[in-house]
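Have a look at this one before reading on. The notes below walk through the parts worth a pause.

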Amino acid sequence: MIIGCGTAALSAVRRIRNITTEDDIKMVSREDYWPYSPASLPYLLSRKIAKSKIWLTGQNFFERMNVTFAREKEVIHILPNNHQVEYRKGGKEDYDTLLIASGATPIKLAPIGLDSSNILNFHTLKDLEKLGEQLKEKREVVIYGGGLVATELAIALLERGLKPKMVVRSRLLRRYFDEEFGGCIGQILSQKGLRIYSGGKVLGAESRKSGISLVLKNGTSLNTDLFISCLGVKPRIPVIEGNEILIKDGIIVNDHMNSSIPGIYAAGDVAEGRDFFSGKPGINPILPNAIHQGRIAGSNMAGEKISDSGWISMNVLYFFGHHAGSIGTFEYGVHQPQILREFSNKKRKGKELIFLGDRLIGARFLNINLDPGVILYLIENRLEIGSYKEALFQDPLNVGRWLMLQNEHEKGVILKY
Amino acid sequence: MKGFYDILHRKFNVCPPDCSICEEKCSRSGIKSVHLPKQQFHGVLTCVQCGEPKCIEACPSGALKKDEADGVIRISEEKCFGCGICSLACRFGGIYIDSKKRKALKCDTCNGKFECVEYCRYDVLKVFRSKPIRDLFQEEEILVSGVPVCAGCPMEIGLRTMLRVFGKETVVFTAPGCAASAITAKGFQPTMKVSTYGCLMTNVPSSMTGVKRYFQRIGKNVNCVAFVGDGCTSDVGFQPLSGAAERGENIIYICYDNEAYMNTGIQRSSTTPLGAWTTTTPVGKWGGKRVGPKDMPMLMVWHKVPYVATATVSHLEDYVRKLTKAKSVKDGMAYIHLLAPCPIGWRAPFEEALELSRMAVETNYFPLWEAEHGQIRITHEVKNPKPIKSFIRMMGRFSHLKDKEIQSFQKMVDERLGMLKGLARLSKKQKVIR
């Protein structure tokens, strides 16, 4: 049984069916929709794509994969001793092996004086429909949060011709970019009409007839019609009976995506897997990570032992003809890294490569032409770049491709330099 | 047919400097040329249409799809909104984002036309079409899934491919050996959708003679195929085989050669190579088998049968072509000698069986050739043969061999190849053997 129908769940199903054709697979979804990805929501909002086009799988996918798919069945309780799950609407069901890929839920706001009906979220299709309904009459929007989802939401609203405001607790895209990169992205968005209030924690709010008024930490007060909370996500974990399972932020999994209870696996936003660099467990709620973990969980559930190499933080952002990306880590602890960096605020171009020893560990770029996947290949395979660091920095597109091709060609042979 | 697709092959680092005609002419922007004069690299990069593509799973709107008919990953224009996650998911630089138009771009093989190949004047790009091979295959799989042979055994692929080529009008003969468990499933349940005949080791060709003659009498064209091991072929069942070959019986005889009696616990057979360990040729004082192997396919050539060939499953195209030729023989026996490395008996890792087959060909330990009416032709010339050491060191049964012994092994391999080449040259000049 698989709880959830997101990317991790679908990757796991594909992998299981690659290995075995006979096992019964049942997938249960909390929502009453066909599988979709939350990453498509901003584009749905900016009307780049119609709702009928966002479904991840064709109608015959479940038939082809021989999967029973049940909608509107939220699992709230897992009984590992009886090998059973319990649904919110009542009723229990048995399982042999369970994959928890239930994804994440938005982080709830600390009470600021608003009812929950006045706080909008941006996480599911239902949230989006609610937002779309409200946007018909109301024009003033405040987005609270400065992460990637908040930024993409702001871009989508800008593209719809609105002038949203963004209240950011520290600064824009803190997780992926440093001040200069983030600042430059902020400037580009400001020119398009976004107002960013950084360092402004919302202290209090009041709902009036004319709208919502907010008071920020730095003393500013803001009036708005709509208030959208985008503070990030946290794992959505059903209650698991007994105290054998290890949960910190998410469900702690080993290298085979197995939780501390045999037979229960977890993958995607809900799982707390190993960090590629530090080896410490942590959650990384991004899409490529969900595929990676889903595949590993699927393989191991079907009986093929495959180990995880760990997750890597990464993301790319395309907006108004610009593009930016961040791959790998920027935390190197006590080690002495070699940083190659070039940044021009005027040209709106910048790149930064971080090496530890001979290996690349992190890359950030703004409006630089390169293949993000190839850079990821270099990091993931711990390729010894050695004396080609400068060349890679000067021409990341071609040198990256060459290093990748050379390594694929020689497979396992260390490059001569 | 699923899994048989056309492939665009790109030679590594042989592009002339400053030629990017493929990139310029590509209307899909799906191929990129990489020129780095400093690193002395000039090559091309494109999507290889992987088997388990990450880009498809990463796409948040399901815009990417692998077409099962031709294996090409295509982008649905109306579903793609250019978020760029695919370019992050693909580690091999096969998909690109047009940041102005906000659309993903990739190679779609021009729907099988591969236009870039026509523009490439330097023979860097080449298409391998799957149709010639696909046409030789029957649609239906005759051997069912879940065959009870050891993990990693290439004999099973050989059997499966053989049945795929021969089709339903076939009777399969076997004798006690590894394949018997795959063909007759030890009598428990049927594994094959054609008739099978479990003979003794001493009477396979004689039984086949009777069955084939019966079919000939009633006027039915049925392939009588034996699929037996090297022990049955070269030791126990050699006399009836030799007799049937001499009588010119129209049967097809395939010997899968794992170079020992593997089914009964790795005892030496007459095709076990010099110096190899088996349970009856222990290393101890003598250092494995003391004599060289019987050259079984060459012996069959001297029987003057219409068709003799050697094959491996690592060179499947070659094997399929030889099977097709064997099927068309109507005036006598066709004999195919299939090398089937046994991971257990050869003391090698399970996953290495195909690699062992490939290495056996590339070191000329097992050259691929065929003889039509005695005219020998080498079907796969190895341009730069690897030293035999690279083959020997892949497995445990030769692990006791010292460098000096390996050198004499190399000498033996070279001599055997020299003789084969000499015969092939001779066959080319004149039809001497017949």
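What follows is a short tour of the interface, the domains and two backbone oddities.

This is a predicted model, in which local features need pLDDT of at least 70 and side-chain atom pairs count only at pLDDT 80 or more, while totals for chains, interfaces and linings use all residues. Residues are numbered from 1 along each chain as its sequence is written, chains are lettered from A and ligands numbered from 1 in the order in which they are written, and side-chain values use heavy atoms, with hydrogens and water left out.

Let's start with the interface. Chain A puts 48 residues in contact with 40 residues of chain B, contact meaning heavy atoms within 4.5 Å. About 3800 Å² is buried between chain A and chain B, and carbon and sulfur atoms give 63% of that; buried area here is the accessible area (1.4 Å probe) that two parts lose on being put together, summed over both. In chain A, the residues that lose the most area to chain B are A:Arg295, A:Tyr318 and A:Leu405, together 17% of what that side buries.

Four salt bridges turn up across the interface of chain A and chain B, by the rule of a Lys or Arg side-chain nitrogen within 4 Å of a carboxyl oxygen of Asp or Glu. A:Lys53 and B:Glu78 form a salt bridge, their closest N and O atoms being 3.3 Å apart.

Which element gives the largest share of the chain A side that touches chain B? That is α10(A), with nine residues. Helices (H or I, at least four residues) and strands (E, at least two) are DSSP runs, numbered from the N terminus.

Now to chain B itself. It is divided into domain 1 (6–129) and domain 2 (138–433), with bounds from an automatic or database domain assignment. The centres of domain 1 and domain 2 of chain B, taken over C-alpha atoms, are 41 Å apart.

Most residues other than glycine have a negative phi. Here are two residues of chain B with a positive value:

| Residue | Phi | Loop in chain B | Relative accessible area |
|---|---|---|---|
| B:Glu259 | near 65 degrees | between β12 (252–257) and α11 (296–302) | 4% |
| B:His373 | near 50 degrees | between β15 (369–372) and β16 (375–378) | 30% |

Are these residues buried or exposed? B:Glu259 counts as buried because its relative accessibility is 4%, whereas B:His373 is partly exposed at 30%. Buried means under 20% relative accessible area, exposed over 50%, and partly exposed in between (1.4 Å probe, protein chains only).
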